[in-house]
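Reader: Got a minute? I'd like to go through this model with you.
Author: Sure, put it up.

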Amino acid sequence: MGQKTVRFSDLSEQLISDDSALVRIVVHEHPELDGEAVEIDAHRGEVQAITDAALHVAVVDIYVAGEAEPRRVILDAAVFDKLAADRPMAELLAGARPAKRTSRPRPAASGSERIDYGTLEHAGKPHKGKTTDTEKRLVQEHLDEINERLAAEGLRTIDLDDPAHAERYGL
């Protein structure tokens, strides 16, 4: 005899009889959330309310000469759009150059945290794990910057003439 799983929406406690109507929602941040992300089930019809309530924000990093870290600012997209005085923001962004470094530096790993070698902060550091495509791409695109960081940290630098390095990073 087979078993059937009965699902209910975590939001409304509505029965979800059709699996195609089931939506999984992952909550990353909330004032009541005091740990890792959690996941809840909802009915497809309930998702529209979430989409309608979504904020339209701009997330920008401000790099000021002399400051070690950029300042991350989150502001309403309409307020940010007003800063472009002479043309629409969509046009300004379409013509802008790609950012060299789009992700914010992550803090160093402590204890049980895993180091993400797919970030510019850790790419190229010696490690025993598999080299990801992201790490290879970062090393290929930012080799000089990474070698400077490795040398400053007292670690081995990536040598283009070393066959092991060339193979590991696709150089």
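Reader: What percentage of the residues of the protein count as buried?
Author: Of its 171 residues, 22%. Buried means under 20% relative accessible area, exposed over 50%, and partly exposed in between, with a 1.4 Å probe and protein chains only.

Reader: Any ground rules before I read on?
Author: This is a predicted model, where local features need pLDDT of at least 70, side-chain atom pairs count only at pLDDT 80 or more, and totals for chains, interfaces and linings use all residues. Residues are numbered from 1 along each chain as its sequence is written, and side-chain values use heavy atoms, with hydrogens and water left out.

Reader: How many helices and strands are there?
Author: The protein has 6 helices and 6 strands. Both are DSSP runs numbered from the N terminus: helices are H or I with at least four residues, strands are E with at least two.

Reader: In what order do the elements run?
Author: From the N terminus on, β-β-β-β-α-β-β-α-α-α-α-α.

Reader: What is the radius of gyration?
Author: The protein has 23 Å, whereas a compact globule of 171 residues would have one near 16 Å. The radius is taken over C-alpha atoms, and the globule rule is 2.2 Å times the number of residues to the power 0.38. Along the principal axes, the C-alpha atoms fill a box of roughly 60 × 60 × 30 Å.

Reader: And contacts? What share comes from residues 24 or more positions apart?
Author: They account for 33% of the contacts with a separation of 6 or more. Contact means heavy atoms within 4.5 Å.

Reader: Switching to helices. Which residues of α4 are buried?
Author: Glu135, Leu138 and Val139 are buried in α4, which covers residues 133–141. Seen down the helix axis, the buried residues of α4 fall within an arc of 95 degrees, so they line one face. That arc is taken from the directions from the helix axis to the C-beta atoms.

Reader: What do they pack against?
Author: The buried residues of α4 pack against α5 (143–152) and α6 (163–169).

Reader: And which residues are exposed on the other side of α4?
Author: Asp133 and Glu141.

Reader: Where does His127 lie?
Author: In the loop between α3 (89–95) and α4.

Reader: Buried or exposed?
Author: His127 counts as buried, because its relative accessibility is 16%. Leaving out residues up to four places away in sequence, His127 touches Tyr117, Glu135 and Arg168. Glu135 is also one of the buried residues of α4.

Reader: Now backbone oddities. What is the phi of Glu13?
Author: Positive, about 60 degrees, although Glu13 is not a glycine. Most residues other than glycine have a negative phi. Glu13 sits in the loop between β1 (7–8) and β2. At 65% relative accessibility, Glu13 counts as exposed.

Reader: Where is Ser20?
Author: In the loop between β2 (15–16) and β3 (22–27). Ser20 is partly exposed, at 43% relative accessible area. His43 is 23 residues from Ser20 along the chain, and their C-alpha atoms are separated by 9.2 Å.

Reader: One last residue. What separates the C-alpha atoms of Asp162 and Val57?
Author: They are separated by 46 Å, with the two residues 105 apart along the chain. Asp162 is in the loop between α5 and α6. Asp162 counts as partly exposed, at 25% relative accessibility.
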